[in-house]
Amino acid sequence: MVGVFSHGQLRIRGETPRPGLRLLSVIGELDLATAPLLDRVVRDSERTPAMVVDMSEVAFLGFAGVDVLVRAAERADDNRRRFAVVVSTRPAQRAFELTGAYARVGCYPRLDMALRAVTE
């Protein structure tokens, strides 16, 4: 199942590459105005046992977007689901460093590594 969601400068492509795995590809700018869209799409995808949020095409990542990902990781942990985020761009890396989110979210520099982490 593939779906595309957008608001302002943010686009999220959701797909199910295999049963039980949801992949969300985030493209554009994730800030206070667009973070609610990511939150809604992540929450709607939480029925699957494993989820990867690919941030490799994010041009800007604000603290509101990081907060959505931290809360999603905490819910996944509480419900024994697997959750990973691809943090490969400088804007995403900087936001994760400044907020201390690396310690709270399973982060990977490449999509293949994140997929492997949630499926093994």
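Buried is used here for residues with under 20% relative accessible area, exposed for those over 50%, and partly exposed for those in between, with a 1.4 Å probe and protein chains only. The model is predicted, so that local features need pLDDT of at least 70 and side-chain atom pairs count only at pLDDT 80 or more, whereas totals for chains, interfaces and linings use all residues. Residues are numbered from 1 along each chain as its sequence is written, and side-chain values use heavy atoms, with hydrogens and water left out.

**Figure 1. The overall fold of the protein has four helices and six strands.** Helices (H or I, at least four residues) and strands (E, at least two) are DSSP runs, numbered from the N terminus. From that terminus on, the elements follow the order β-β-β-α-β-α-β-α-β-α. The C-alpha trace spans about 30 × 30 × 25 Å along its principal axes, and 48% of the 120 residues are buried. Where contact means heavy atoms within 4.5 Å, residues 24 or more positions apart account for 61% of the contacts with a separation of 6 or more.

**Figure 2. Helix 2 (residues 63-78) and the elements that cover it.** The residues buried in helix 2 are Gly65, Val66, Val68, Leu69, Val70, Ala72, Ala73, Arg75 and Ala76. Their cover includes strand 3 (21-30), helix 1 (35-44), strand 4 (50-61), strand 5 (82-86) and helix 3 (90-99). The expected span of a helix is 1.5 Å times one less than its number of residues; the 16 residues of helix 2 should therefore span 22 Å, and the end C-alpha atoms are indeed 22 Å apart. Just after helix 2, Arg80 takes a positive phi of about 55°.

**Figure 3. The open sheet and the packing of helix 1.** Six strands, in the order 1-2-3-4-5-6, form an open sheet with mixed pairing, two strands being counted as paired if DSSP finds at least two bridges between them. Strand 1 (2-7) and strand 6 (107-108) are the edge strands, each pairing on one side only. Strand 2 (residues 10-18) pairs with strand 3 in the antiparallel sense over seven bridges, and Glu15 stands opposite Leu23 in strand 3. Helix 1 packs on the sheet, where it touches strand 1, strand 2, strand 3 and strand 4, and its direction makes about 175° with that of strand 3; axes are lines fitted to C-alpha atoms, for helices over the stretch in contact, and angles run from 0 to 180 degrees between N-to-C directions.

**Figure 4. The largest nonpolar core, with Val53 among its members.** A nonpolar core is a set of buried Ala, Val, Leu, Ile, Met, Phe, Trp, Tyr and Cys residues joined through side-chain atoms within 4.5 Å. Of the 31 residues in the largest core, Val53, Met55, Leu61, Phe83, Val85 and Phe96 touch the most other members. Two or more residues each come from strand 2, strand 3, helix 1, strand 4, helix 2, strand 5 and helix 3, and helix 2 gives the most, with seven residues. Not counting residues up to four places away in sequence, Val53 touches Leu24, Val26, Val42, Leu69, Phe83, Ala84, Val85 and Val86.

**Figure 5. The surroundings of Leu10 in strand 2.** Leu10 is buried, with a relative accessible area of 1%. Leaving aside neighbours within four places in sequence, Leu10 is in contact with Phe5, Val26, Ile27, Glu29, Leu30, Thr34 and Leu37. Leu10 and Asp31 are 21 residues apart in sequence and, C-alpha to C-alpha, 8.9 Å apart in space.
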